[in-house]
Amino acid sequence: MDKIDIAPPCLLVILGAAGDLTRRKLMPTLYAMHIAGHLPPSFAILGMARSEMDDAAFRAAMRTACETFGDPPEDAGWQSFADRLHYQTGNFNDADAYRALAGRVTELDARHATGGNRMFFLATLPSLYAAIATQLGAAGLVHLDPQGPFSRVLIEKPFGHDLSSAQALNHALHEVFREEQIFRIDHYLGKETVQNILVLRFANAVFEPLWNRQHIDYVQISAAEHIGVGSRGGYYEESGVLRDMVQNHLLQLLALVAMEAPLNFSADRVRDRKVDVFRALRTMLGEETYHDVVLGQYAPSADGSLPGYHQEAGVAPDSVTPTFAALKVHVDNWRWQGVPFYLRTGKRLAKGCAEVVVQFRSIPFCVFGEEQACARIAPNRLVLSIQPEESIHLEFATKVPGNGLAVDTARMHFGFNDRYPDAPPPYQRLLLDALRGEQLLFSRADGVEMSWHFITPILEAYADGIHPDARPYPYPAGSQGPVAADELLAQDSHNWQRLGGV
Ligand SMILES: NC(=O)c1ccc[n+]([C@@H]2O[C@H](COP(=O)([O-])OP(=O)(O)OC[C@H]3O[C@@H](n4cnc5c(N)ncnc54)[C@H](OP(=O)(O)O)[C@@H]3O)[C@@H](O)[C@H]2O)c1
């Protein structure tokens with residue numbers, strides 16, 4: 001194993017260690033990293049939440065979590081992992097709890113020889129992020145000296161719920177941490193195929209010369225889910241699809257597709273270019289928003305087997321929270337002028353999948369003469385598939401064997417998992433990068449704010465569904481989404497790539 005695959009010595013402090021994220025994702029990932037040898041001996045984990053537990057009860061709860069959501073632990077492997085786990089009861093609103101935490105941190109630093117390195121993982125309610133950061137600072141738990149042991153903070157989305165709350169959160173974080181110490185997770189960026197967008201573009205000479213308005217007709221970016229809101233109805237009511245998916249995952253994908261070449265592959269130079277894309281997004285204001293944005297909400301499926309959004313637990317019976325969004329987005333810069341970027345995401349759609357479709361322009365003139373052959377020449381398409389399959393395929397015209405000239409569309413296909421079956425899971429990659437201090441895959445404060453700068457006016461135009469055009473269109477659960485989303489593209493004589501194939 002390479003040195004970069006092993007975390008440095010560290011005490012990982014999980015604030016919110018009795019919650020869903022810790023159980024479902026964080027602990028199974030850490031256990032898998034332990035078993036695979038990614039954690040050094042001088043690495044320990046301290047959980048904190050209000051639930052009353054001692055170390056033994058915490059270890060038992062975490063074992064159950066790993067059994068339920070990860071690889072079932074084996075006794076020997078589990079025992080050595082459990083020795084790293086500790087727990088401290090405390091309320092995040094109580095300054096005394098942070099003093100007690102500081103004492104425990106000092107003790108565990110010494111016991112596990114972590115060298116004073118620490119990472120705070122905020123796995124709790126986003127409304128508590130700012131207060132927790134302030135309290136960590138006040139309790140002297142954060143070291144600022146870049147030459148000394150590191151102190152870092154890792155937070156999960158949402159990073160605010162609009163532009164001003166995102167600015168306020170960044171401000172509160174910056175009162176305590178330098179930007180280099182802050183790691184904002186967008187788990188889409190941990191996916192190898194997402195990272196590969198930059199390699200495809202900037203490590204190959206054949207694509208980049210075509211990657212502009214002269215040769216690309218339009219781009220589609222989709223992230224569809226087959227599942228509904230499930231048990232997270234209460235959270236979703238506050239969030240809705242624009243905050244849950246578009247502001248973060250879809251805009252991150254758009255930035256990777258649209259950005260200029262960075263000066264080099266360092267975190268800040270790559271993030272500089274991504275922020276340029278966010279700055280270039282054309283702001284939608286007032287009623288013009290309704291022309292370029294279609295929101296939807298799932299209704300029961302046609303056969304009644306899937307519930308509608310209104311039937312989900314925690315959802316108001318008259319809720320106008322959107323569960324689907326389709327947007328036509330313009331990137332106002334030299335490279336992309338006139339090229340629409342169509343974004344689409346939603347819950348309870350026909351299929352769970354995420355992909356980027358780059359549609360090239362049609363050939364300028366058909367030399368084959370025969371009308372039938374010319375009519376069958378489809379424009380080239382490059383499809384970067386992120387989920388469920390991780391693959392790239394290029395569609396191109398080919399001759400059908402035989403007399404005469406019949407043209408067909410062929411597919412050149414590269415399956416990521418066939419070639420690299422052992423790629424690390426996204427969450428592991430992100431955790432390891434954060435522990436190593438590598439920020440490339442994490443969002444920077446200005447990027448977060450610029451993406452909210454684009455999304456906030458759309459949220460305002462649709463606030464509360466008051467305007468008659470602002471009510472989400474119903475679509476049957478398990479379908480392709482509302483018809484209005486098809487019409488959005490039909491106006492430009494384009495079609496969505498069908499979810500689940502042709
Ligand atoms: N769950 C997921 O799969 C998922 C996915 C993506 C992002 N996220 C994000 O991850 C974060 C955490 O989500 P979650 O689903 O894990 O939430 P959760 O299940 O509600 O967990 C919240 C945790 O915070 C603790 N807590 C709440 N108030 C506290 C207080 N005043 N003092 C001390 N502890 C307190 C809770 O434990 P006690 O009640 O014992 O105090 C619990 O451990 C959120 O930002 C969420 O948006 C979650």
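A salt bridge is a side-chain nitrogen of Lys or Arg within 4 Å of a carboxyl oxygen of Asp or Glu. In this predicted model, D446 and R444 fit that description, with their closest N and O atoms 2.9 Å apart. The two partners don't sit equally open to the outside: R444 is buried, at a relative accessible area of 12%, while D446 is partly exposed, at 27%. The pair also doesn't stand alone, since salt bridges with shared partners link D268, R269, R271, D272, R444 and D446 into one network.

Overall, the structure holds 28 salt bridges. Among them are two that sit inside helices. In helix 1 (residues 20-36), R24 and D20 are four residues apart, which is about one turn of the helix. Their closest N and O atoms come to 3.2 Å. R24 is partly exposed, with 41% relative accessible area, and D20 also counts as partly exposed, at 35%.

Helix 2 (residues 55-69) has a pair of its own: R63 and E67, again four residues apart, or about one turn. Here the closest N and O atoms are 3.3 Å apart. R63 is partly exposed, at 21% relative accessible area, and E67 is partly exposed too, at 42%.

Charged pairs aren't the whole story at the surface. F365, V367 and F368 make a nonpolar surface patch of about 360 Å². F365 is found in the loop between strand 11 (353-360) and helix 11 (371-375). With a relative accessible area of 63%, F365 counts as exposed, because the cut-off for that label is over 50%.

Conventions: Residues are numbered from 1 along each chain as its sequence is written. This is a predicted model: local features need pLDDT of at least 70, side-chain atom pairs count only at pLDDT 80 or more; totals for chains, interfaces and linings use all residues. Side-chain values use heavy atoms; hydrogens and water are left out. Patches are made of residues with over 30% relative accessible area and no salt bridge: like charges are joined within 9 Å, nonpolar side chains (Val, Leu, Ile, Met, Phe, Trp, Tyr) within 5 Å. Accessible areas come from the Shrake-Rupley method with a 1.4 Å probe; for residues, only the protein chains shown count as cover. Helices (H or I, at least four residues) and strands (E, at least two) are DSSP runs, numbered from the N terminus. Buried means under 20% relative accessible area, exposed over 50%, partly exposed in between (1.4 Å probe, protein chains only).
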